[in-house]
Amino acid sequence: MYRYSDFDAAFVRNRVDQFRAQVERRLDGSLTEDEFKPLRLMNGLYLQLHAYMLRVAIPYGTLNSAQMRQLAMIAERWDKGYGHFTTRQNIQYNWPKLRDVPDMLDALADVGMHAIQTSGNTIRNVTADQFAGAAADEIADPRPVAELLRQWSTDHPEFQFLPRKFKIAITGSPNDRAVTRAHDIGLRMVERDGEPGFEVIVGGGLGRTPMIGKIIREFLPREDLLPYIEAIVSVYNRLGRRDNKYKARIKITVHEHGIEEISQRVEERFAVLRPQFSGVDQELLAMIEAQFAPPIWKTKAEPETPALTAGYRSWIDTNITAHKRADHAIVSVSLKAHGATPGDASAAQMRVLADLAQHYGYDELRISHEQNVILPHVHRADLPAVYAALRAAGLATANIGLASDIIACPGMDYCALATARSIPVAQEIATRFDALKLEHEIGPLKIKISGCINACGHHHVGHIGILGLDRAGVENYQITLGGDGTETATIGERAGPGFAADEIVPAVERLVTAYLDLRASDYETFLQTYRRLGLAPFKAALYPEAVSHAA
Amino acid sequence: MTRRFTPKVVTANDLAEGDVVWLTADDRWTRHIEEAELIEDAGLAELRLLHADSQAHVVVGAYLADATSGPDGPAPLHFREAFRTRGPSNYAHGKQETA
Ligand code: HEM
Ligand code: SF4
């Protein structure tokens, strides 16, 4: 996998040393908070409700066992023994002390990790399909391109003060698992005449004005990628609104100017930039690609099938995805045990994951935007052993893609911007569906919860989206239906008035019961049923009183 | 008609620890809201906030939060402020850990 070059390593160390000095100067009073805040945000350090929070980048969600062990060590030594994996494929520590943060950053640098540029109006951590390099449906591994984008955007002089933050997502598969249509730029690998290139999508985003990205180029040859992306960012840097932070994202620029005008300006800029790229970027890409070369695959005879327990079978059914090699499998490890906090892993669990990656997984781990951990390459013969180890660590919950595999942002349990809590809602929904023993029958269902309009929990693209609000000093939860974050991306529709904290779980249960009654067959998913029938029957289930009043 | 002033406390986060703190009548920062100064007057509230802002080497992000007089001293009114007196609801971390 990719390793830092010497330049990167020196750069990261340098930043840690600088930050150490800045923390000292803040603590002794020579820096004010106004001066210090941008510096700490550049180093991934936020102040939340109860404590500081350190957000550590995991570029394109890929890490090795040594890095995972170091994350565990940091959690134990300087935090409360756990970490929170987020929808941006990073890890957050919720309880660091200001004085300890430089040491934490040094410990990260020891394993080639950092917290740089996970904040500020810059190009953020590039996110990629969590099954990259492993998925059976993939055209090519998107991570070399993600890494090229990372190197190009890190400290790019022109793009340190964009109108607003800028997020890029990339997938190498036609099946979009990276929510490319809800990013400032989305890149979806496609083929034309046998040549791989990209469908380029621009102006997607969630937040208070959710928008599905528009296609700006149906096919971009691979070698034109950097100049073309640079052209987009540069047009945005010029046109993006700096007068109003709520109108500053590129989605608004695209909305206000129209995709035709943006496209024309981008093409003009691209024509200027293209010749300036001498091909060095392609040489660099070739070097990066060599570092992402697939492992030397184990070949071994499949063992005799062990006596299969129902638990193992169910786990295989839900948590295993087809690998590009028939004798391997992709294992998704659920961080959504029923009733637990979505995305949290204890230090002990992180070590188990590191051990499994080392022994059975070619030393590779991934973090998914759905807040789970992936072992991307496991030989099928090793699946029973992997399952047994996961089970012993409380990591074998068989619920990937099901009702209890909920995305939830930290909400008002941690986040200073929150208007309501989201974690307890996720915990209660998962516990309820577990008690009903219905989730396998319900099948694929994506429930996503955000604790405020910023939509970090992706509620707009949940089949069932839940948004926590403050209604006159009381937590209130609004439901949206029919959202979709894949290649058929859709923003969910608001179902109606919100629900109090003690009404939201029964409301979700009514929706799901209605779906089970309405579906055309056992194979029609919640989303398909919703698309066939529309909002009305679900609304009737959500608000039975309204129906009886109208009758 | 003038609206009745909702009493306030001055609150912030501790610079080094990040923990929630409140301003007391004798200019200390306490970790317990019951020990905070309950300010009943708008003008005084502004003055106390100015004082807090001058404490930038000790606390971060001071603001005035609505509060009421409870049995043990000042108590929060809004649920956000109530959470700040305890900690998160998914683990017994934060203030509730040592309470
Ligand atoms: C202290 C914690 C956090 C703060 C202050 C914060 C702040 C924000 C803000 C202000 C936005 C809206 C940006 C805009 O529309 O211009 C946003 C969007 C977003 N945040 Fe967070 N966030 C936090 C935690 C998280 C976490 C934990 C995750 C992942 C689980 C996350 C993932 C996202 C995502 C995916 C968006 C996407 C919306 C978009 O870009 O359109 N954030 N965040
Ligand atoms: S959606 Fe709101 S509450 Fe949730 S993490 Fe983002 S900013 Fe915080």
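Start with the charged pairs: 47 salt bridges are counted over all chains. The model is predicted.

**Stop 1: a salt bridge in chain A**

Select A:Glu289 and A:Arg222. These two form a salt bridge, and their closest N and O atoms are 3.1 Å apart. Now colour by secondary structure. A:Glu289 belongs to helix H9 (residues 280-291) of chain A. A:Arg222 sits in the loop between strand E10 (214-221) and helix H6 (225-239). The pair links distant parts of the chain, 67 residues apart. Side chains of opposite charge can pair when their charged atoms come close.

**Stop 2: ligand 1**

Move to ligand 1 and show its surroundings. The shell holds 19 residues. Pick out the closest: A:Arg55, A:Thr87, A:Leu206, A:Arg249 and A:Cys456. By type, the shell divides into five nonpolar, eight polar and six charged residues.

Which atoms of ligand 1 meet A:Leu206 and A:Arg249? Select A:Leu206 with its backbone shown. A polar backbone atom of A:Leu206 is 2.6 Å from an oxygen atom of the ligand. Next, show the side chain of A:Arg249. One of its polar atoms lies 2.9 Å from an oxygen atom of ligand 1. Then add A:Lys165. Here a polar side-chain atom lies 3.5 Å from a nitrogen atom of ligand 1.

**Stop 3: the second largest pocket**

Select A:Arg177, A:Glu370, A:Gly401, A:Lys446 and A:Thr486. Of the 43 residues that line the second largest pocket, these lie nearest its centre. The space inside is about 900 Å³. For the elements that give two or more residues to the lining, highlight helix H10 (310-319), strand E11 (320-322), strand E12 (328-333) and helix H16 (526-533), which belong to chain A. How many lining residues are nonpolar, polar and charged? The split is 14 nonpolar, 19 polar and 10 charged.

**Stop 4: strands in chain B**

Switch to chain B and select strand E4, residues 59-70. Strand E1 (residues 8-14) pairs with E4(B) in the antiparallel sense, over six bridges. To see one partnership, label B:Asp14 and B:Val59: B:Val59, in E4(B), is the bridge partner of B:Asp14.

Now add strand E5, residues 73-76 of chain B. Four bridges join E5(B) to E4(B), and the two run antiparallel. Label B:Thr68 and B:Ala75. B:Thr68 stands opposite B:Ala75, which is in E5(B). Finish at the turn: a hairpin of two residues joins E4(B) to E5(B).

Definitions and conventions
Residues numbered from 1 in each chain as written. Chains lettered and ligands numbered in written order. Predicted model: local features only at pLDDT ≥ 70, side-chain atom pairs only at ≥ 80, totals over all residues. Heavy atoms only, no water. 1 Å grid on protein atoms, 1.4 Å probe; cavity = no way out; pocket = protein on both sides within 12 Å on 5 of 7 lines; lining within 4 Å. Points joined across faces, edges and corners; volume = space filled by probe spheres on them. Nonpolar A, V, L, I, M, F, W, Y, C, P; charged D, E, K, R; others polar. Near = heavy atom within 4 Å. Polar contact = N/O pair within 3.5 Å; in protein donor to acceptor, adjacent residues only side chain to side chain. Pairing = 2+ DSSP bridges. Salt bridge = Lys/Arg side-chain N within 4 Å of Asp/Glu carboxyl O.
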